[in-house]
Amino acid sequence: LKNNMKFSIILPIYNVEKYLSECIDSILKQSFKDFELILVDDGSTDSSPQICDDYAKKDNRVTVIHKINGGQADARNSGLDVALGDYVCYIDSDDYLVNENVLCLLAEKTKINPDIVHYKFKEWFEKDGHIAECKFDYNVQTEGRSLGEIYCDLIDKDAYYNSAWSKIIRRNLLIEHNIRFERGIVGEDNEWYYHVVMAAQSLVLVDEPLYIYRRRQG
C-alpha cells in the first residue's frame, strides 16, 4: 500500500504516443521525489498503453489504469478515485513540465496549505515548433484579500484561466465537495473550475511559467 504523498499527478491519455514519453519523462525526472504518477489510459488504440506499462515496470511511483474510452473528464475522475496525494495535479499527456524543479517549487508554495496554487505557462505551436512566452503575469496583491477580489484582478488583466492543468488543488477540497469533471460536455475544465473556486478559501500565485502547453493542429 502506498502511503500518502505530497502530489498525485494524473494524466488522462488517449492516442498520444508521439508526445507521451516526453511528458512522463518531464515528471519522473523532477528533483522533488514525493509524488505518485497516475496514468489513465482511456482506451487508446495506438502504442500509448504499452508505453504506460513500460514506465510502470521501471518506476514504482507509476500506477496505470486501463479503461474503456470515456473521454477526458472520465479519465481524470478515474485518476482522482485512486489518488492519495495531498495535492492533485492534472497534466495533459501531450504537454510537459518546463524543468526538473517544478514540483520542488510547488512543494515550497504548499507549506501554508493553500487550496489552490496557480502557475503560468508557455505555449508550443505544432506548425513550426516554436514556444511562445507567457502573455500574462500574476503580479497581483493576494495578502489579506478575499479570493473574490484576487480573481477579479486576474480577470481584469486577462490572467484568469479555468484550465485544469495550470494549477494544483488540495485533494481534500475536491473530495469534501465532491468536485469532479462532468462527462460529455465540451470545455469540462470550465464547469469544473467554477466549483473549485466556489469551494476554495485560499490561493497562491506563482508568477513564473512551469508548464508547456502544446497547441496542436485540430
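Which residue stands opposite I168 in strand 8? I would like to start there and work outwards, and the residue in question is C89. Before going further, please keep in mind that this is a predicted model, in which local features need pLDDT of at least 70 and side-chain atom pairs count only at pLDDT 80 or more, while totals for chains, interfaces and linings use all residues. Residues are numbered from 1 along each chain as its sequence is written, and side-chain values use heavy atoms, with hydrogens and water left out.

Helices (H or I, at least four residues) and strands (E, at least two) are DSSP runs, numbered from the N terminus. Two strands pair if DSSP finds at least two bridges between them, and strand 4, residues 87-90, pairs with strand 8 in the antiparallel sense over 3 bridges. Strand 6, residues 116-125, also runs antiparallel to strand 8 and is joined to it by 3 bridges, with V117 as the bridge partner of I168.

In a regular strand the side chains alternate between the two faces of the sheet. In strand 8, residues 167-170, both faces are covered, since K167 and I169 on one side and I168 and R170 on the other are all buried; buried means under 20% relative accessible area, exposed over 50%, and partly exposed in between, using a 1.4 Å probe and protein chains only.

Let us turn to helix 4, residues 102-109, whose buried residues are V102, L103, L106 and A107. They lie on the same side of helix 4, because they cover an arc of only 130° around the axis, the arc being that of the directions from the helix axis to the C-beta atoms. These buried residues pack against several strands, including strand 1, strand 6, strand 8 and strand 9, where contact means heavy atoms within 4.5 Å.

L106 appears again in the largest nonpolar core, which has 69 residues, and where F7, I9, L11, L37, L106 and W192 touch the most other members. Strand 9 gives the most to this core, with 6 residues. A nonpolar core is a set of buried Ala, Val, Leu, Ile, Met, Phe, Trp, Tyr and Cys residues joined through side-chain atoms within 4.5 Å.

Finally, consider K67 in strand 3, residues 62-67, which is buried with a relative accessible area of 16%. Its side chain makes polar contacts with the side chains of D42 (2.6 Å) and D74 (2.9 Å). A polar contact is a pair of N or O atoms within 3.5 Å; within protein, one must be able to donate a hydrogen and the other to accept it, and residues adjacent in sequence count only if both atoms are side-chain atoms.
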